[in-house]
Amino acid sequence: MGTEAKASPGAERQLTVSVAGQTYSLSGESVVEVLRRPKITRVPNGPEALLGVSNLRGAVLPVVSLARLMDQSPGEEERLVVIDHGGPVGVLVDAVLRLDNGQGSGGGRRIDLSALLQAGFKREAPQASAKLPVLDTAKDTAGAQIAQRVLLAFQIASQSFALPLEAVVKVLRVPREISRIAGADDAVLGVTELRERTLPIISLATLLGFGGLQAGLAGGRVLVIDHQGAQIGLVVDDIEAILRLPETAIDDVPPILQRSAGKAELDAIGRQGAGKPLVSILSISRLFANKTVEATLAGTQGKAPVMADQDAVQAQEQFVVFELGPERYGLPIAAVQEVLRQPKTIARLPNGPRFVQGIINLRGRPVPVIDQRERFAAPVSGANVQPRVIVVTVGDLQAGLVVDAVSEIVSVARSEIVATPSLSAEGSSVFNRAVHYGEEGGLILLIDPAELLSRAEQDVLADIAAKQRSAGPA
């Protein structure tokens, strides 16, 4: 039997890998582990070699292609070599051939992986720029502060309703499995598990007297509502918008409606203006005082219903999750002014940047609209997509972001939010944090709104400068 060669003093371990049909040797001293190719979440507008980020036992791991770092066409890239490069970095290769202790020939051309990473991730620092056209939405034309009510609007039987956004813990798709409760009211669909606790699920359409008019559960959403330590899930047909209506646009319920069925749940009427339908604003306290809701909560006491831990609630952040094709991203809800359906009419900007669709009139305020699909180089969406506009406000900056859909509103414990590693030389990134979702170790990249709008400004100026250069001197 042969004996294993011993490393001589100063010998360096070498890792031999296969990339695009070629064999290369790189230092094995910084190799932490070798894994199969994981699920990768794409990072839009990242360096060319960056394929995205992955979940490595709760940490966010940047994943790069060694082939792209060397300006080659990628091969199968089935193995992930995790190295220490000022923090963990995953490098994709086609195959790992061997790891030796420095006595062998190494087998393949030696490459300096550290130098390749430094060169591949270098970017120029952002330049100062002018501001996008914005107005302060919290003041009227005289500069006085306006009291606003923040609402989550949704549809039931093609009618618009709303609840105070502060009471909504999260918005989810209707779960696949709902356990029925024997002898329960028709409005009670059953219970489901939410973070190892039992959550009652109630049809808001049935509760309000719409009966069978509610859309199929498969396309619906569940609003998880918190009230005095208890939570219930209310099923609605679809999420319509996040609204910030001034108190002057909210009226009391007309007396004639107060004598009709369902009056106990109706709190006020909101006027959106611009020919949009009225919004019936529901009362959380009256919904929870409904006999069906009270009986459902009482009936699930033995099943550990979801109870809100006040300290945990205070240590959470809320995010609006939106979709661009198969990809999902999150925006802090504090920066989201409104979520609207994309208007049919958008005033175009002559010779404007390609990603700026134009200007919309938002209750008398001009708001620039940015095609986020163009900004993030997202895959083409399906024909049935009904775009939404997320109006984001950060300080003096404001813009509407066109996305494919707003799928969820989630509350995440701050302890579950992980920082993303720096993906650029200047140490700044649009995606500064991430949260885990799903059972397959997926990630939702969280967007820094200030950085997003700042980069949009920079690109507007860069586009204008490029057009001026191409036009030549006057």
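**Group meeting talk: strands, cores and rings in a predicted model**

Let me begin with one residue, Ser 18, which is buried, with a relative accessible area of 16%. I should say at once that what we have here is a predicted model, and that everything I describe this morning is computed from it. Ser 18 lies in strand S1, which covers residues 14–19, and, leaving aside residues up to four places away in sequence, Ser 18 touches Val 93, Asp 94, Ala 95 and Leu 97.

Just beyond that strand we come to Ala 20, which lies in the loop between S1 and S2. Its phi is near 50 degrees, a positive value in a residue other than glycine. As a reminder, most residues other than glycine have a negative phi. Ala 20 counts as partly exposed, because its relative accessibility is 31%.

Let me now turn to the sheet that contains S1. In what order do the strands of this open sheet stand? There are 4 strands in the order S8-S1-S2-S9, and the pairing among them is mixed. Strand S8, residues 95–100, and strand S9, residues 109–110, stand at the edges with a single partner strand each, so one side of each is left without a neighbour in the sheet. Strand S2, which spans residues 22–27, pairs with S9 in the parallel sense over 2 bridges, and Ser 25 stands opposite Arg 110 in S9.

The next sheet is also open, with 5 strands in the order S3-S6-S7-S5-S4 and mixed pairing. Its edge strands are S3, residues 31–36, and S4, residues 50–56, each of which pairs on one side only. On average, neighbouring strands of this sheet are turned by 30 degrees against each other, direction ignored. Within it, strand S6, residues 79–84, and strand S7, residues 88–93, run antiparallel and are joined by 6 bridges, with Val 82 standing opposite Gly 90 in S7.

Shortly before S6 there is another residue with an unusual backbone angle, namely Glu 77, which has a positive phi near 50 degrees although it is not a glycine. Glu 77 lies in the loop between helix H1, residues 66–69, and S6. Is Glu 77 buried or exposed? At 5% relative accessibility it counts as buried.

Glu 77 also appears among the contacts of Leu 66, which, again setting aside residues up to four places away in sequence, touches Val 17, Val 19, Leu 26, Glu 77, Val 91, Leu 92, Val 93, Ile 111, Leu 113 and Leu 116. Leu 66 belongs to the largest nonpolar core, which has 93 residues, and it is one of those that touch the most other members, together with Phe 154, Ile 156, Leu 204, Leu 223, Ile 225 and Ile 390. There is a second, separate core of 19 residues, which includes Ala 162, Val 279, Val 367 and Val 391.

Let me move further along the chain, to strand S25, residues 365–371. Of its 7 residues, 6 are buried, so this strand is largely enclosed by the rest of the structure. Strand S24, residues 356–362, runs antiparallel to S25 and is joined to it by 6 bridges, and Gly 358 stands opposite Val 369 in S25. These two strands form a hairpin with 2 residues between them, and Arg 363 in the turn has a positive phi of about 50 degrees. S25 is also joined by 3 bridges to strand S27, residues 397–403, and those two run parallel; there, Ile 370 has Leu 401 in S27 as its bridge partner.

My last topic is the aromatic rings, of which the structure holds 6 pairs. One of the pairs is Phe 161 with Phe 210, an edge-to-face arrangement at 5.9 Å centre to centre, with 85 degrees between the planes. This pair links distant parts of the chain, with Phe 161 in strand S11 and Phe 210 in the loop between helix H3 and strand S15, 49 residues apart. Phe 161 counts as buried at 6% relative accessibility, and Phe 210 is buried as well, with a relative accessible area of 16%.

Elsewhere, Phe 322, Tyr 329, Phe 376 and Phe 431 form one aromatic cluster. Finally, there is a charged residue to point out on the model: Arg 375 lies over the face of Phe 355, at 4.8 Å from the ring centre.

Conventions. Residues numbered from 1 in each chain as written. Predicted model: local features only at pLDDT ≥ 70, side-chain atom pairs only at ≥ 80, totals over all residues. Heavy atoms only, no water. Pairing = 2+ DSSP bridges. Buried < 20%, exposed > 50% of the residue type's maximum accessible area, 1.4 Å probe, protein only. Core = buried A, V, L, I, M, F, W, Y, C linked by side-chain atoms within 4.5 Å. Contact = heavy atoms within 4.5 Å. Axes fitted to C-alpha atoms, helices over the stretch in contact; angles between N-to-C directions. Phe/Tyr/Trp six-rings, centres within 6.5 Å; stacked < 30°, edge-to-face > 60°. Lys NZ or Arg CZ within 6 Å of the ring centre and 35° of its normal.
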